[in-house]
Every structure is written in C-alpha cells, then in structure tokens.
Amino acid sequence: QVQLVESGGGLVQAGGSLRLSCAASGRTFSKCAVGWFRQTPGKEREFVAGISWSGGNTLYADSVKGRFTISRDNAKNTVYLQMNSLKPEDTAVYYCAADPSLLGMVVTRTSTAYDYWGQGTQVTVSS
C-alpha cells in the first residue's frame, strides 16, 4: 500500500511559479513510477508529467514541456513538480499517483495504470 499527500498548491499570477510536492508513505514507493495529473470541472483527468522510480525516465505533456519539471527524492519519499511560467490554462486540481507495475521502470500517460492516488491540491493561475 502507498499513501500519497500533495501540497504546494495555491493562487499565483500568470508567469509565476509553484512547486508541488507529493509525499508518500509505504515501503514500495521507491519502486513506483509516479505521475502528476490535473483535472478541471467537466473535463477528464489529464496527464501532466511522470517519472520512473530511479528518476532516469521522465515524460511530459506537450502543453507543459519546457515549463514544468518533475523530480524525486526517494530518500525523502517525495516527488516534486516545479511549475514555471504558469498560464491561466494551468488552473486545475493537481493529483499525484503511483504505479507499482514493472518495478516503476516504465512511465505511462494512462491514468488507469496508476493504483494509488492522492487527494489533490488546487492550483489557480490568475491572468
């Protein structure tokens, strides 16, 4: 079992930055790939970024590539999402999720591949 708690969301002006954290408990977290997803009302959950257990493989949605950076510190059981040059269209509830399959070596954009989810943190970008 893995429990995930997101933090770091808030209100920021367009062009600003935020860093989200995903703190995990559970012995198997270091062998999980982790993804960040976001969702706005009435829309499906959207993949944002993902990272393999080692941090050696990362994947980004085209909409955030070059602006967002995902990283992890397995010693702290935490995954981060650094978000720069934020835009109003980045406004959403952001969720982190863990995928223990394949020992966390493969990063996928598919939300159904992730077994464990946090409760989400709101990010609001004002224009």
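Select L4 and A24 to begin: in strand β3, the bridge partner of L4 is A24. Strands here, like helices, are DSSP runs numbered from the N terminus, with at least two residues (E) for a strand and at least four (H or I) for a helix. This is a predicted model, in which local features need pLDDT of at least 70 and side-chain atom pairs count only at pLDDT 80 or more, whereas totals for chains, interfaces and linings use all residues. Residues are numbered from 1 along each chain as its sequence is written, and side-chain values use heavy atoms, with hydrogens and water left out.

**The sheet around β1 and β3**

Widen the selection to residues 3-7, which make up β1, and to residues 18-25, which make up β3. These two strands pair in the antiparallel sense over five bridges, where pairing requires that DSSP finds at least two bridges between the strands. Along the same pair of strands, E6 stands opposite C22 in β3. On β1, L4 and E6 belong to the covered face, while Q3, V5 and S7 belong to the uncovered one.

Now show the whole sheet, which is open and consists of four strands in the order β1-β3-β8-β7, with antiparallel pairing. Its edge strands are β1 and β7 (68-73), each of which pairs on one side only. Neighbouring strands of this sheet are turned by 15° against each other on average, direction ignored; the axes are lines fitted to C-alpha atoms (for helices over the stretch in contact), and angles run from 0 to 180 degrees between N-to-C directions.

**The cysteines**

Stay with C22 and add C96: a disulfide joins C22 to C96, with 2.1 Å from S to S. The rule asks for a pair of cysteine sulfur atoms within 2.5 Å, and by this rule the count comes to one disulfide. The angle about the S-S bond is 65°, and the link of C22 and C96 is right-handed. Because C22 lies in strand β3 and C96 in strand β9 (residues 92-99), the pair ties together parts that are 74 residues apart in sequence. Both C22 and C96 are buried, a term that means under 20% relative accessible area, with exposed meaning over 50% and partly exposed in between (1.4 Å probe, protein chains only). Select C32 next, which is in no disulfide, the nearest cysteine sulfur being that of C22, 10 Å away. C32 has 0% relative accessibility and therefore counts as buried.

**The aromatic rings**

The structure holds four aromatic pairs; rings of Phe, Tyr and Trp (its six-membered ring) pair if their centres lie within 6.5 Å, and planes under 30 degrees apart count as stacked, over 60 as edge-to-face and the rest as tilted. For one of these pairs, select F37 and W117, whose ring centres are 5.0 Å apart and whose planes stand at 50°, so the pair is tilted. F37 lies in strand β4 (residues 33-39) and W117 in strand β10 (residues 116-117), so this pair ties together parts that are 80 residues apart in sequence. F37 is buried at a relative accessible area of 1%, whereas W117, at 27%, counts as partly exposed. Adding Y114 shows an edge-to-face pair with W117, at 6.3 Å centre to centre and 65° between the planes. Y114 counts as buried, with 4% relative accessibility. Bring in F47 as well, and the four residues F37, F47, Y114 and W117 form one aromatic cluster.

With W117 still in view, select R45, whose charged end sits over the ring of W117, 4.7 Å from its centre. Such a placement requires NZ of Lys or CZ of Arg within 6 Å of the ring centre and within 35 degrees of the ring normal. Elsewhere, the charged end of R72 sits over the ring of F29, 5.1 Å from its centre.

**The salt bridges**

Finally, turn to the charged side chains: a search of the whole structure finds four salt bridges, each being a side-chain nitrogen of Lys or Arg within 4 Å of a carboxyl oxygen of Asp or Glu. Select R38 and E46, whose side chains meet in a salt bridge at 2.8 Å, N to O. E46 is partly exposed, with a relative accessible area of 33%. R38 also meets D90 in a salt bridge, at 2.9 Å, N to O. R38 lies in strand β4 and D90 in the loop between β8 (78-83) and β9, so the pair ties together parts that are 52 residues apart in sequence. R38 is buried, and so is D90. Salt bridges that share partners join R38, E46, R67 and D90 into one network. For a last stop, select D62 and K65, which form a salt bridge with the closest N and O atoms 3.2 Å apart; D62 is exposed, and so is K65.
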